[in-house]
Structure formats: C-alpha cells, structure tokens
Amino acid sequence: MPRIKVKRTSTVTDMTAMCDVASLLLTFFILTATARQPEPLAVSTPSSTYEFKVPAENNAILTIGQGKVFFEVAGNKVRARTLELMGEQYSVKFTPDEIQRFSVISTFGVPFANLKGFIAMGGSDRMKPGVQTGIPTDSTDNQLNSWVLNARKATKEINNQDMRLSIKGDAKEEYPVVKKVVDVLQKQGVNKFLLVTNSEAKKK
C-alpha cells in the first residue's frame with residue numbers, strides 16, 4: 001500500500017501576544033521608574049586606590065562642599081518616615097502630599113524652617129542658586145544631628161537594619177566643616193562610616 005503523505009503545516013509562530021506583553025511591561029517600568037535627580041552641589045571628591053562600592057540600600061550620604069552640608073537617605077519609605085519623625089520633634093505637621101513629595105527628593109540642604117516651602121517648589125526651582133543653603137550644624141541649632149538620628153530610627157523601623165553612613169566631601173573642603181559632621185556621627189556612637197572617593201590606579 002502506498003504511504004499516506006501528511007500535509008506539512010507552516011512552523012511560523014504568531015508573536016503578537018508576546019510583543020503586546022513586552023510593550024506593556026516596558027510601559028509599566030517607564031511610568032513607575034524614578035529618575036536620578038541632580039545633586040544640588042557638585043563636589044570633586046579626593047582620589048583613592050581603595051575600592052568599595054557604596055551600598056544602595058539602608059545608606060545615607062552626607063555631602064560637604066563650600067561650607068554647606070547636604071543629606072541624602074536611600075529609600076522613599078525611609079525618607080517619608082524620617083520627615084514624620086522630624087515633624088514630631090519640631091512640632092510641625094506635614095500633610096500626606098508634603099510627605100509624598102519629600103519622599104522622592106533624594107538630596108537636600110535647607111534649614112528645617114524653610115522645609116515646607118522647599119517641598120512645595122518644583123524640581124528646577126529647588127536647584128536654583130541660593131535656595132539650598134545647607135543644613136545647620138551650629139552647636140546651638142544642630143539640625144544635622146536631628147536628621148541623622150531620625151533617619152537612623154526610620155531605617156530601623158522600616159528595614160529592621162542599622163543605617164550605614166557615607167561622607168562625600170569636596171577635596172578642597174576645609175577641615176572644620178568635615179569635623180563638625182564627624183562629631184555629629186560620633187556623638188551618636190557612629191564610629192564606622194564610609195568616605196566617598198574617586199578611584200585611582202594603584203602605583204607600581
């Protein structure tokens with residue numbers, strides 16, 4: 001008997017559904033991603049041959065330059081809780097909208113009395129010269145100490161981990177300003193922190 005020939009069908013796969021899913025995922029990531037905001041003060045960090053990556057989570061960066069100190073805390077939830085704790089300490093009530101807006105501000109440097117106005121500004125207005133005058137570090141009004149302390153509390157509450165601290169100072173910054181920041185950390189019993197530097201090739 002002759003063999004029955006089976007009709008061959010096309011092996012082309014319809015990719016329409018996969019393309020739709022890929023487009024939806026791409027749109028979702030674009031809409032939910034938070035862009036890295038520019039720093040209010042560009043500093044030229046000193047060079048070093050030691051390489052260690054600054055942690056992306058449970059980390060706070062103290063930026064020092066031109067005699068000013070700026071503060072950055074990793075994590076939107078930690079930033080929001082830190083603001084709530086600062087409000088409790090200074091008896092200032094923040095609205096849910098203000099807390100949400102502050103949670104997406106990465107680096108800032110303004111006195112607490114100017115914070116509400118700073119939060120209400122647009123992103124471009126916050127970066128204008130003279131707006132961010134730095135966080136006060138005077139002995140009579142050491143607001144930096146309060147920010148660091150409350151950020152550490154918020155990190156412990158939310159992530160159940162200790163917050164790591166990094167100091168990012170300009171290479172030409174004078175020692176007294178840096179010492180004030182180190183004194184704030186040591187006052188809270190923080191004797192271990194990172195110094196942010198530029199990588200430099202090791203000399204042979």
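## Lys128 and Asp125

Asp125 counts as partly exposed, at 29% relative accessibility. This description rests on a predicted model. Asp125 pairs with Lys128 in a salt bridge whose closest N and O atoms are 3.1 Å apart. Lys128 is also partly exposed, its relative accessible area being 48%.

Elsewhere, Arg81, Glu84, Glu88 and Glu157 are joined into one network by salt bridges that share partners.

## Salt bridges between helices

The count of salt bridges comes to 7. One of them brings together the side chains of Arg81 and Glu157, with an N to O distance of 2.9 Å. Arg81 belongs to helix H2 and Glu157 to helix H6 (residues 143-159), so this pair ties together parts of the chain that are 76 residues apart in sequence. Glu157 has a relative accessible area of 48% and is partly exposed.

A further salt bridge links Lys116 with Glu98, where the closest N and O atoms lie 2.7 Å apart. Because Lys116 sits in helix H4 (residues 115-120) and Glu98 in helix H3, the pair connects parts that are 18 residues apart in sequence. The two partners fall into separate accessibility classes: Lys116 is partly exposed at 32% relative accessibility, whereas Glu98 is buried, with a relative accessible area of 15%. The cut-off for buried is under 20% relative accessible area, so the value for Glu98 places this residue in that class.

## Packing of H2 against H3

Helix H2 (residues 76-90) packs with helix H3 (residues 96-103) at an angle of about 130 degrees, and their axes are 8 Å apart. That angle makes H2 oblique to H3. Angles over 145 degrees would count as roughly antiparallel and those from 65 to 115 as roughly perpendicular, so a value of about 130 degrees belongs to neither class. The crossing of the two helices, H2 and H3, is right-handed.

On the H2 side, the contact is made by Asn76, Arg79, Ala80, Leu83 and Glu84. These residues meet Glu98, Ile99, Phe102 and Ser103 of H3. By residue type, the contact of H2 with H3 divides into 4 nonpolar, 2 polar and 3 charged residues.

## Residues with two roles

Two residues of this contact also take part in salt bridges. Glu84, on the H2 side of the contact, is a member of the network that includes Arg81, Glu88 and Glu157. Glu98, on the H3 side, is the salt-bridge partner of Lys116.

Methods:
Residues are numbered from 1 along each chain as its sequence is written. This is a predicted model: local features need pLDDT of at least 70, side-chain atom pairs count only at pLDDT 80 or more; totals for chains, interfaces and linings use all residues. Side-chain values use heavy atoms; hydrogens and water are left out. Axes are lines fitted to C-alpha atoms, for helices over the stretch in contact, and angles run from 0 to 180 degrees between N-to-C directions. Helices (H or I, at least four residues) and strands (E, at least two) are DSSP runs, numbered from the N terminus. Angles under 35 degrees count as roughly parallel, over 145 as roughly antiparallel, 65 to 115 as roughly perpendicular and the rest as oblique. A crossing is left-handed if the near helix is turned anticlockwise from the far one by less than a right angle, and right-handed if clockwise. Contact means heavy atoms within 4.5 Å. Ala, Val, Leu, Ile, Met, Phe, Trp, Tyr, Cys and Pro count as nonpolar, Asp, Glu, Lys and Arg as charged, and the others, Gly among them, as polar. A salt bridge is a side-chain nitrogen of Lys or Arg within 4 Å of a carboxyl oxygen of Asp or Glu. Buried means under 20% relative accessible area, exposed over 50%, partly exposed in between (1.4 Å probe, protein chains only).
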